[in-house]
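Hello,

Here is the structure I promised to pass on to you. Please have a look at it first, and then read my notes below.

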Amino acid sequence: MVIRALNEDFDVIHIKQISEEYAVLQCRIFGKQEDYTVLHFKKAETVKRLLPLFYSLQENIEFEDFKGCFSREEELYIVFRKRQGISLAEQLAGKTLSLEQRIRIGKQILEKLLLWRLPNFIICQLLDVTRILIRDNNVEFAYDWDISMEENPSMAMVNQRMAELLMALFQEEAEHAISSRLMKLLDDLQQDVPADFFAIYEAYSGLYDVMPEEAGKYVSGFQKLKNNLSMLVKRGESLMKIVLFLAVYFAAVFLLVQEIKQQDVPEEKTEGIIYETIGTLRIK
């Protein structure tokens, strides 16, 4: 099966039928080693809602993964470049990523979505650990579509999706509250404080360099307590001494967590600055 559109011939290699009204086509352009994901919507109501949203992206040259969209026989086709990589969900499940790697992945995600100047309806779809791909330490995205998600989400929905992503990225760190900056950002997102996506990026950048240090302090104190308990067991100390030590041990852990939570987060005010670059990337 070949689809002629956007001045290309798309050879359909595989069709994944999601429902009667929606399918994901895996395609390749004849004579080129370029693979594409084509979202095919058949339901008239869905086409009516999505068509103006994706046509508005036609002039967004920053969004390099978006090839374009077209309609045929009152059905809608949306074309994305197919990217390769292992899903973030799989890597998090395997616990193969260090804290530093996860922090860097979070920043890359934010940078890409910000520099691509994406509307909220795309951002909410991509802030999903199953759609985020990691390849050679770089972030890519897989393109399918959650048709149950509303087409015009508010900033509150973006904040909610970002909070869910950070909880997935830093599940253990959040459970133990090892970073005061992380906990503040999560709280702000849940309270719908960030007014736009750039505000989320700024807040995340504030914890980028600090969080590994905070984690190191937590692990250092926690490991010291574990070592002391191990020595008591090896020396065959009495049950009462071990029980007393455990009481002190858990009290110390509680106080350590509370101390980290209560660390003052210095206010960072930036006035009169126009951001033109993020890292090595330039905002046009």
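**What I found**

Glu173 and Arg102 are both buried. I start with them since they also form a salt bridge, with their closest N and O atoms 2.9 Å apart. Glu173 sits in helix α6 (residues 171-175) and Arg102 in helix α3, so this pair ties together parts that lie 71 residues apart in sequence. Please keep in mind that this is a predicted model.

**The other salt bridges**

The structure holds 15 salt bridges. As background, side chains of opposite charge can pair when their charged atoms come close.

One of the salt bridges joins Arg83 to Asp65, and here the closest N and O atoms are 2.7 Å apart. This pair links distant parts of the chain: Arg83 is in the loop between β6 (75-81) and β7, while Asp65 is in the loop between α1 (44-55) and β5 (66-72), with their positions 18 residues apart in the numbering. Are the two partners buried or exposed to some degree? Asp65 has 0% relative accessibility and therefore counts as buried. Arg83, with a relative accessible area of 26%, is partly exposed.

Another salt bridge is formed by Lys112 and Glu140, whose closest N and O atoms are 3.3 Å apart. Lys112 belongs to helix α3 and Glu140 to strand β9, so to speak two distant parts of the chain, 28 residues apart, that the pair links. Glu140 is buried, because its relative accessible area of 18% falls under the 20% limit. There is also a network: Asp128, Arg131, Asp144, Arg161 and Glu164 are joined into one by salt bridges that share partners.

**A sheet with a helix on it**

Next, have a look at the open sheet of three strands, which runs in the order β7-β8-β9 with antiparallel pairing. Which strands stand at the edges? They are β7 (86-87) and β9 (138-141); each has a single partner strand, so one side of each is left without a neighbour in the sheet. Strand β8 (residues 132-135) pairs with β9 in the antiparallel sense, over four bridges. Within this pairing you can find Ile134 opposite Val139 of β9. Helix α3 (residues 99-115) packs on the sheet, where it touches β8 and β9, and the direction of α3 makes about 50 degrees with that of β9.

A good residue to click on in helix α3 is Ile109. Its relative accessibility is 0%, so Ile109 counts as buried. What does Ile109 touch, leaving aside its neighbours within four places in sequence? Ile109 is in contact with Leu127, Ile132, Val139, Phe141 and Leu165. Val139 is the residue you have just met opposite Ile134. As for Leu127, its C-alpha is 8.4 Å from that of Ile109, and the two residues are 18 apart in sequence.

**Cysteines**

How many disulfides are there? The count comes to zero. Two cysteines are still worth finding in the viewer. Cys69 is buried, with a relative accessible area of 3%, and Cys124 counts as buried at 0% relative accessibility.

I hope this helps you find your way around. Do write back with any questions.

Best wishes

Definitions and conventions
Residues are numbered from 1 along each chain as its sequence is written. This is a predicted model: local features need pLDDT of at least 70, side-chain atom pairs count only at pLDDT 80 or more; totals for chains, interfaces and linings use all residues. Side-chain values use heavy atoms; hydrogens and water are left out. Two strands pair if DSSP finds at least two bridges between them. Contact means heavy atoms within 4.5 Å. Axes are lines fitted to C-alpha atoms, for helices over the stretch in contact, and angles run from 0 to 180 degrees between N-to-C directions. Buried means under 20% relative accessible area, exposed over 50%, partly exposed in between (1.4 Å probe, protein chains only). A disulfide is a pair of cysteine sulfur atoms within 2.5 Å. A salt bridge is a side-chain nitrogen of Lys or Arg within 4 Å of a carboxyl oxygen of Asp or Glu.
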